[in-house]
Amino acid sequence: MKKVLIVDDDVELRANLSEILKGAGYYIAEAPSGKEAIEEIASKDFDIVLLDLMMPKMSGLDVLKEIKKIKPKIKVIMITAFATVENAVDAIKKGASDYISKPFRIDGLLTTIRRVIEEGKFEEGITKLNLDYTLSSLSNPIRRNIIRLLQARKSMRLMEIVRELGIEDHTKVVFHLKMLKESDIIEQDTDKSYSLTEEGERILSCLKILENYLSA
């Protein structure tokens, strides 16, 4: 379950957001001030922080700076009024992932949170990959189709893959399988069946996110 910290001095807004996000399946914590938010973040892990830009004593921008010092990988979505949108843009330059303007629609809020979580997963996956080699491996559509096949079937032998791809010359498939094996994207067991490695599963996840962005 993804964890969201709501930081806002408006009690009613915090309560409404909390109810909405709990209903959407998120774990929720609340902080009424920047100081308490920083204490929460220092002691617990969160995936997303919903952070009000305009708060007394410690502004959202000040809190954002502290969050990025303590837990730089946490994704922050700024909550702003229409009049402070320019400040929200400034916040994004300083590390926030996105912003929502009050009043906001529930579906827009949930879409923004899901997108930011997907971005986080993509960034995490990318940092663990040998990017140049991986992109080279994925540049060929046959190799991408092999990855999808193995994700769907879990385990397949050479001729099963050849038949599914509809390629007459099986040596071409052997070549692409070799490329994927050398990239540590797939592996072959003693029964000669191919399957995705842990690295391959991570690459597939990144590939899906990238394709969703391109098709949006």
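**Exercise 1. Thr112: buried or exposed?**

Solution.
- Step 1. Thr112 has a relative accessible area of 9%.
- Step 2. The cut-off for buried is under 20%, so Thr112 is buried.
- Step 3. Now place the residue: Thr112 lies in helix H5, residues 106–127.
- Step 4. List the contacts, skipping residues up to four places away in sequence. Thr112 touches Ile77, Asp98 and Ile100.

These values come from a predicted model.

**Exercise 2. Assign Arg14 and Val11 in helix H1 to buried or exposed, and name the contacts of Arg14**.

Solution.
- Step 1. Both residues belong to H1: Arg14 is in this helix of residues 11–23, and Val11 is there too.
- Step 2. Arg14 has a relative accessibility of 10%, so it counts as buried.
- Step 3. Val11 has 56%; exposed means over 50%, so Val11 counts as exposed.
- Step 4. Leave out neighbours within four places in sequence. Arg14 then contacts Ile6, Asp8, Asp9, Glu30, Ala31 and Pro32.
- Step 5. Check a distance from Val11. Its C-alpha lies 9.7 Å from that of Ala31, with their positions 20 residues apart in sequence.

**Exercise 3. Describe the length, faces and ends of H1**.

Solution.
- Step 1. Take the length. H1 has 13 residues and spans 18 Å from first to last C-alpha, close to the 18 Å expected at 1.5 Å a residue.
- Step 2. Collect the buried set: Leu13, Arg14, Leu17, Ser18 and Leu21.
- Step 3. Those residues cover an arc of only 130° around the axis, so they sit on the same side of H1.
- Step 4. Turn to the other side. Val11, Glu12, Glu19, Lys22 and Gly23 are exposed there.
- Step 5. Inspect the start. A side-chain oxygen of Asp10 comes to within 3.0 Å of the backbone nitrogen of Glu12.
- Step 6. Look past the end. Gly25 follows H1 and has a positive phi, near 95°.

**Exercise 4. Which unit do E1, H1 and E2 make?**

Solution.
- Step 1. Pair the strands. E1 (residues 3–7) and E2 (residues 27–31) run parallel, with 5 bridges.
- Step 2. Pick one bridge: Val4 has Ile28 in E2 as its partner.
- Step 3. Add the helix. E1, H1 and E2 form a β-α-β unit, and the unit is right-handed.

**Exercise 5. Find the buried side of H2 and state what covers it**.

Solution.
- Step 1. In H2 (residues 34–43), the buried residues are Gly34, Ala37, Ile38, Glu40 and Ile41.
- Step 2. Their arc around the axis is only 160°, so they lie on the same side of H2.
- Step 3. The face turned away from that side carries the exposed residues Lys35 and Ser43.
- Step 4. The cover over the buried residues of H2 includes E1, E2, strand E3 (48–52) and helix H3 (60–70).

**Exercise 6. What is the strand order in the open sheet of 3 strands, and which strands stand at its edges?**

Solution.
- Step 1. Recall the principle: strands of a sheet pair through backbone hydrogen bonds, either parallel or antiparallel.
- Step 2. Read the order. The open sheet runs E6-E8-E7, with antiparallel pairing.
- Step 3. E6 (156–157) and E7 (186–188) each have a single partner strand, so each has one side without a neighbour in the sheet; these are the edges.
- Step 4. Examine one pair. E7 and E8 (residues 193–196) are antiparallel over 3 bridges.
- Step 5. Within this pair, Ile186 stands opposite Leu196 in E8.

Technical notes:
Residues are numbered from 1 along each chain as its sequence is written. This is a predicted model: local features need pLDDT of at least 70, side-chain atom pairs count only at pLDDT 80 or more; totals for chains, interfaces and linings use all residues. Side-chain values use heavy atoms; hydrogens and water are left out. Helices (H or I, at least four residues) and strands (E, at least two) are DSSP runs, numbered from the N terminus. Buried means under 20% relative accessible area, exposed over 50%, partly exposed in between (1.4 Å probe, protein chains only). Contact means heavy atoms within 4.5 Å. The expected span of a helix is 1.5 Å times one less than its number of residues. The arc is that of the directions from the helix axis to the C-beta atoms. A polar contact is a pair of N or O atoms within 3.5 Å; within protein, one must be able to donate a hydrogen and the other to accept it, and residues adjacent in sequence count only if both atoms are side-chain atoms. Two strands pair if DSSP finds at least two bridges between them. A crossover is right-handed if, with the strands pointing away from the viewer, the path from the first strand over the helix to the second runs clockwise.
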